[in-house]
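User: I should like to learn how to read helices and aromatic contacts in a model that is new to me. May we go through it feature by feature?

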Amino acid sequence: MSSSNTDQLLDPETALDASVNVPGAGSDIDRGSLASKAGRWASKGGLAILDQGLISGSNFLIGILLARWLMPVEYGAFSLAFSVFLLVSYVYQSLLSEPQAVFSGSAYRHCLRGYLKALLRIQVVVTVFGIVLLGGSAAVVYAIGKADGLPGALAGVAIASPCILFFWLLRRSYYMNLAPARAAMGAFIYFVLVTGGLVVAYRRSLISPFSAYLLMAIGALGTGLFLLSQVKKVLPADTVTAPTPAEAWHKHWEYGRWALAVSVVTWIPYYMYYPLVSMFSGMAAAGQLKALMNLALPLEQSYTALAILFLPYAARVCREKGAQSSGPLVRRITLLFVAGAVVYWGLLIPFKGIAFHVLYGGKYMEVAPLIPYVAVGTTMWSAAFGPAILLRAIESPDSIFYARVVASILSLVIGVPATKVFGLWGVVASVIIANIAAFLISMYILQRKSTSMSLPNPILQGES
């Protein structure tokens, strides 16, 4: 038996497909195999949602509790610092997390342990760079004389960012072999540590933007170390030579240089508004915007979890069948995400006033009428997941960049003056326009790519 045939039999997806196509097998076996496969994916998808849901739940609770416990100006400082962290996390995801998801299902599929070791060494360099950059920013803001909690919030982000990114890397390592169960266990540990610590800090009158980020750092570091101790139980032993850190970085850079540009133009139409509203309307307005967007967080984090799960699978499908096979898959993913958004907001919108009263203790009621418009924007954002996942899977992050550039240009041309004149109303309207543009352009580019690419991408195949 050839080595390729052996690999196919050892691969659970291929083996399952083979069992469906055994000559002479009856239709009952076919239906049973298909049902079993659907059940496996439903189970993995449920665990992925649970994993991300626990992370989202802790972040959601932090946002809600801080909105209740902090002064509006302090909560605005926390929110502005969080937008800075998101920019850093986008860069990290572009150069490490996203390529990790793609290459773990393609070029480095048979050396996952060695690949993870290379990524951990790269992580050390990223950590040092992040601490210097963010710590320097906090020092500059402190020297300027800001007394609104922003220096402490930025200092907290400088400490929390490397710990959180380390935690993310280890969570992703379990998805490399489609094993989200232990990642969900780690997410539960993180949830308990952070939310429990936050309650203790509040009761001891230690709550502040800085202490909140410090608790996130402690929870992420402790959970990341736990996941690191368990990862060998999930990742199979290497059967080929693993890449060196330099080789892995070179391959990540080939992919991530476009994804890095995408991260910047993704941050602009969504998160540039936190510094904008704080500049035009005061730091408290950034807190109002965060209170408004908190309600979209459970949906966004759930879809992020599904994207993490779908991306290695989509990369494998495109590697084996070519980009022309992406049409049915992108339609299914897009419809799934849009349907979920419609159901979520359909249940929430009728109770938006009650939700704000319960969550924020009567604060921020003035922005509750904006929720239906936020729902429109996030639904279009959800639709864009379908083409974005497939464009990444066929090794074309530059296409996502072009779509996001248009959204960013619209945000700068329309969003900046709209925010200055109309405040939060201008922010929400600009986000809707940017999301519609990003979705339409992404679908158009994917259609063009799928008809012009008849073979899998050579980088995904591990070729030079």
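User: What should the 24 residues of helix α7 span, and how far apart are its end C-alpha atoms?

Analyst: This is a predicted model. A helix can be checked by its rise of 1.5 Å a residue: helix α7, residues 180–203, should span 34 Å, and its end C-alpha atoms are 35 Å apart, which agrees. Just after α7, S205 takes a positive phi of about 60 degrees.

User: Which residues of α7 are buried?

Analyst: Buried means under 20% relative accessible area. In α7 the buried residues include P180, A183, G186, Y190, V194 and L198.

User: How many aromatic pairs are there, and how is the pair of F167 and Y190 arranged?

Analyst: Rings pair if their centres lie within 6.5 Å; the count by this rule is 22 aromatic pairs. F167 and Y190 are stacked, at 5.1 Å centre to centre with 25 degrees between the planes. This pair links distant parts of the chain, since F167 belongs to helix α6 and Y190 to helix α7, 23 residues apart. Both F167 and Y190 are buried.

User: Which parts does the pair of Y303 and F385 tie together?

Analyst: Y303 and F385 are edge-to-face, 6.1 Å centre to centre, with 80 degrees between the planes. Y303 lies in helix α12 and F385 in helix α16, so the pair ties together parts 82 residues apart in sequence. Both Y303 and F385 are buried.

User: Where does R171 lie with respect to F167?

Analyst: R171 lies over the face of F167, 5.6 Å from the ring centre. Likewise, the charged end of K290 sits over the ring of F82, at 5.2 Å from its centre. F82 is also one of the residues of an aromatic cluster, among them W168, Y213 and F356.

Notes:
Residues are numbered from 1 along each chain as its sequence is written. This is a predicted model: local features need pLDDT of at least 70, side-chain atom pairs count only at pLDDT 80 or more; totals for chains, interfaces and linings use all residues. Side-chain values use heavy atoms; hydrogens and water are left out. Helices (H or I, at least four residues) and strands (E, at least two) are DSSP runs, numbered from the N terminus. The expected span of a helix is 1.5 Å times one less than its number of residues. Buried means under 20% relative accessible area, exposed over 50%, partly exposed in between (1.4 Å probe, protein chains only). Rings of Phe, Tyr and Trp (its six-membered ring) pair if their centres lie within 6.5 Å; planes under 30 degrees apart count as stacked, over 60 as edge-to-face and the rest as tilted. A charge sits over a ring if NZ of Lys or CZ of Arg is within 6 Å of the ring centre and within 35 degrees of the ring normal.
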